[in-house]
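The following paragraphs walk through the side-chain contacts and surface of a predicted model. Please look at the sequence and structure before reading on.

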Amino acid sequence: QSAEALGARARELERVVEHCLDELGRRKEAMQARDDKMEAERREREAMMDHMSRVEMESKQMQLRLEEHAAASRAVLARVQAELQQERSAAETLRAERGQ
């Protein structure tokens, strides 16, 4: 082979190598972009899970407060009903005494 043919072959191989390096760079960038996207999605899922956990905890706390409020309301109602019954009994006693 002549020196000219060897030079042409060397330049062709350089172009092939450069093309391969470019393709390798593009694939590496694509893989990095995919990895970055997956990491962002993982962080987003993690943040959503944390948020849901907080919402669930707040919901349970609210449920407890509602149950405490309901219990207090029932206690007040029972006390008012007892007082009302005492007043009714007192009124009936007064009526009975006046009726004698």
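Arginine 43 has a relative accessible area of 45%, so it counts as partly exposed. Its side chain takes part in a salt bridge with glutamate 39, where the closest N and O atoms lie 3.6 Å apart. Glutamate 39 is also partly exposed, at 30% relative accessibility. The two residues sit in helix α1 with a spacing of 4 residues, which means that about one helical turn separates arginine 43 from glutamate 39. This pair belongs to a wider arrangement: salt bridges link Glu39, Arg42, Arg43 and Glu46 into a network.

Over the whole structure, the search gives 9 salt bridges. Two further examples can be followed along the helix.

One of them joins glutamate 23 to arginine 26, with 3.0 Å between the closest N and O atoms. Here the spacing is 3 residues within helix α1, so glutamate 23 and arginine 26 are again about one helical turn apart. Glutamate 23 has a relative accessibility of 27% and therefore counts as partly exposed. Arginine 26 is partly exposed as well, because its relative accessible area is 44%.

Another salt bridge brings together the side chains of glutamate 56 and lysine 60, at an N to O distance of 3.6 Å. Glutamate 56 and lysine 60 are 4 residues apart in helix α1, so about one helical turn lies between them. How exposed are the two partners of this bridge? Glutamate 56 is partly exposed, with 46% relative accessibility. Lysine 60 reaches 52% and is classed as exposed, because the exposed class begins over 50% relative accessible area.

The surface also has a nonpolar part. Val17, Leu21 and Leu24 form a nonpolar patch there, and their accessible area together is about 310 Å². Which helix holds leucine 24? Leucine 24 is located in helix α1, which covers residues 3-99. Its relative accessibility is 56%, so leucine 24 counts as exposed.

Taken along helix α1, the three pairs described are glutamate 23 with arginine 26, glutamate 39 with arginine 43, and glutamate 56 with lysine 60. In each pair the partners are separated by about one helical turn.

Definitions and conventions:
Residues are numbered from 1 along each chain as its sequence is written. This is a predicted model: local features need pLDDT of at least 70, side-chain atom pairs count only at pLDDT 80 or more; totals for chains, interfaces and linings use all residues. Side-chain values use heavy atoms; hydrogens and water are left out. Patches are made of residues with over 30% relative accessible area and no salt bridge: like charges are joined within 9 Å, nonpolar side chains (Val, Leu, Ile, Met, Phe, Trp, Tyr) within 5 Å. Accessible areas come from the Shrake-Rupley method with a 1.4 Å probe; for residues, only the protein chains shown count as cover. A salt bridge is a side-chain nitrogen of Lys or Arg within 4 Å of a carboxyl oxygen of Asp or Glu. Buried means under 20% relative accessible area, exposed over 50%, partly exposed in between (1.4 Å probe, protein chains only).
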